Amino acid sequence: MKIYSYRFLNILTVASLLWLSLPVAAQQATEQSDPAPREQVYYTIVDIPIPDGIELEVGGLAVIPDGSLGVATRRGEIWLIENPYMTGTRTPRFDRFATGLHEPLGLAYHDGSLYASQRSELTKLTDKNGDRQADAYETVVSWPLSGNYHEYSYGPLFTPEGDMLVNLNLGWIGHGASLAKWRGWMMKVSPEGNMVPLASGMRSPAGMGYNAAGDVFYAENQGDWVGSGRITHVETGDFVGNPEGLVWSHLEGSPVKLKPEDIPDTGDPMSKVAAEIPGFKTPAVWLPHGLMGISTSDILLDQTGGNFGPFTDQLFVGDQGHSKIVRVYLEKVNGVYQGVAFPFREGFSSGILRMVWGNDASMFVGMTSRGWSSTGKEPFGLQRLVWTGRVPFEIKTVKAQPDGFELEFTLPVDADAAGSTDSYQLSSFNYKYHHNYGSPVIELEELALKAALVSEDRLKVRLVVDGLKEGYIHEINASGIKSGEKMDLLHDVGYYTLNQIPSGEKANLSEIRKAAANPHAAHQNTAVAASNTAGTTGAATNTSKRMTEMPDTWTNGPDQSIVMGTLPGLKYDVELIEIKAGSKVKVTFNNNDDMLHNLVFAMPGTAIEVGEAALEMGLEGSQKNYIPDSDKVLFHTNILSPETSETIYFEAPAEPGEYAYVCTFPGHAYVMQGVMRVIK
């Protein structure tokens with residue numbers, strides 16, 4: 001038997017465990033000294049040690065009835081992990097269950113077998129003699145491939161009837177494209193292998209899951225026709241946004257009758273376009289790009305009955321690029337799903353792709369980073385998220401009202417803080433629906449808050465708001481709120497997608513008038529001009545930090561011309577450039593990647609600082625091309641869509657040194673960097 005050596009727990013995990021071993025009084029004292037209570041106080045990340053030599057690039061997770069955890073990897077293997085909970089003094093045992101698969105990106109257990117989605121097929125794997133190795137590899141159904149690298153396949157998700165759902169990713173040829181039959185579709189597969197199309201409009205549908213009512217949702221990633229990440233309720237016959245897959249809608253059996261030419265490319269908000277097109281399903285919840293992550297992955301319903309904290313029946317949504325999990329509360333208004341997204345837990349070791357519940361109500365989190373770089377630096381990982389038993393002070397739910405929103409909290413609020421309109425800021429915004437990659441935030445508008453009405457039990461606050469807009473995302477910032485014990489909210493900002501404004505009784509006007517006696521009760525409506533140029537180079541402009549026209553004084557042209565592109569895995573294709581101090585420099589940046597990038601030159605040693613400043617720009621980030629207002633930024637391009645380029649001109653710094661260049665698109669700065677060496 002092979003003896004494996006194991007990787008040790010990371011420093012963050014050890015620190016969390018030591019912290020939690022402190023007496024409660026000491027924990028509370030530490031918490032009070034920190035204005036923002038730390039997430040690990042409530043949800044601790046625990047590493048599952050992986051034996052050396054196993055490249056556990058997680059593509060799928062499934063819990064087996066005997067307590068083992070099945071893990072499919074992008075390397076084409078399936079592992080069974082015995083004792084993944086590390087109970088007692090035993091370390092987990094890894095047995096290789098299957099090998100030779102083609103990048104499985106989903107795994108499910110059903111009636112004694114494991115099912116995995118490979119690139120070109122759905123495969124049933126069965127251990128017939130009980131030796132923890134698959135004896136039978138059976139093709140349930142196969143589908144065509146063009147050979148394009150971007151043709152990922154996800155699933156299966158079993159239905160209550162025993163059928164299976166799979167999602168088929170679009171290919172990439174400078175834009176998303178359905179190069180093989182049914183790419184960009186959700187498909188249903190019977191146990192006998194009969195496959196039928198259900199819905200179209202998917203771009204990169206990395207995750208699927210059920211909500212508490214048993215309805216299916218899928219997760220989408222920003223890209224062409226997709227302004228930001230989102231989750232969408234999917235029913236048979238739906239079109240969910242990307243028209244590339246509609247090239248197959250004419251085929252027999254298609255429940256979607258739209259054609260590619262039926263979808264206008266106007267740049268109007270998606271909700272406005274969809275209102276004129278039957279069968280066009282808009283997202284239930286948008287996940288604002290850079291704020292709620294950048295690469296939406298898995299969807300997991302909290303069915304733990306309160307054993308994972310106060311969020312029963314809510315959804316947890318993973319993010320690969322930002323290595324974090326967000327929390328989603330859904331409600332149905334006028335028959336349409338909508339709801340709110342909040343941050344939940346950051347700090348995972350790699351990019352989150354899959355999540356599944358363990359038998360003890362802890363959450364297994366499977367991760368991978370190769371080619372899809374993430375803020376978590378490890379190339380792969382497997383961790384458990386464990387509730388410590390302490391209830392965080394959070395906004396538990398947000399429900400739409402005829403005249404605003406009702407916020408419900410996990411703990412009673414301080415009535416004075418919660419009843420002051422100064423404790424809140426609200427705004428609405430949207431994204432462009434167009435063929436371009438991503439979108440800036442558009443139509444950003446501050447909303448007038450007329451009153452904040454606190455319930456008698458201090459667990460709810462009704463916000464009376466002017467200017468609600470159907471089809472728009474509403475930012476709700478409650479940074480002024482405190483609990484009855486004077487705790488700050490663990491996360492004080494949420495994003496509510498308001499698809500429908502409910503009918504019903506509005507708040508009592510006399511109470512509103514009393515609240516309005518507060519001179520700070522009302523805010524002026526302020527429209528914020530939105531940029532119409534994100535993801536494109538736009539017209540030539542000259543500013544002090546972005547000169548896209550050669551200065552007239554450069555009569556002899558530039559002293560040096562540099563051409564720079566990108567490589568897969570968030571890299572520039574040139575990691576070091578050398579220029580002379582004070583020289584005239586022309587730089588052409590070609591974004592030949594399949595995601596958005598910019599090129600920002602910064603002071604020595606400030607790449608991460610500038611990148612994190614871009615992250616902190618909030619909703620204005622996309623409008624300003626993620627260029628922070630900082631003296632650390634020297635020169636820059638705009639954000640560029642895939643397959644576009646921009647040329648800038650600048651005079652090199654007079655002082656020699658190792659200057660940085662970096663992509664400040666959210667999350668990229670941690671890995672996408674280079675050095676501009678200035679010499680005398």
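Here are a few questions and answers about this predicted model.

User: Which elements dominate the count here, helices or strands, and how many strands are there?
Analyst: Let's start with the secondary structure. The protein has seven helices. Its strands number 45.

User: In the open sheet made of three strands, which ones stand at the edges?
Analyst: The order in this mixed sheet is S36-S40-S43. Two of these strands have a single partner each, so one side of each is left without a neighbour in the sheet. Those edge strands are S36 (560-564) and S43 (644-651).

User: What is the bridge partner of Val-563 in S40?
Analyst: S36 and S40 (residues 584-591) run parallel as a pair, joined over five bridges. For Val-563, the partner in S40 is Thr-588.

User: How many residues apart in sequence are the parts that Asp-66 and Arg-132 tie together?
Analyst: These two side chains meet in a salt bridge, at 3.7 Å from N to O. Asp-66 sits in the loop between S2 and S3, and Arg-132 in the loop between S8 and S9, so the salt bridge ties together parts of the chain that are 66 residues apart.

User: Is Arg-132 buried or exposed?
Analyst: Its partner Asp-66 is exposed, at 54% relative accessibility. The cut-off for buried is under 20%. Arg-132 comes in at 16%, so it counts as buried.

User: How far apart are the closest N and O atoms of Lys-281 and Asp-238?
Analyst: Both of these residues are buried. They form a salt bridge, and the closest N and O atoms are separated by 2.8 Å.

Key
Residues are numbered from 1 along each chain as its sequence is written. This is a predicted model: local features need pLDDT of at least 70, side-chain atom pairs count only at pLDDT 80 or more; totals for chains, interfaces and linings use all residues. Side-chain values use heavy atoms; hydrogens and water are left out. Two strands pair if DSSP finds at least two bridges between them. Helices (H or I, at least four residues) and strands (E, at least two) are DSSP runs, numbered from the N terminus. A salt bridge is a side-chain nitrogen of Lys or Arg within 4 Å of a carboxyl oxygen of Asp or Glu. Buried means under 20% relative accessible area, exposed over 50%, partly exposed in between (1.4 Å probe, protein chains only).
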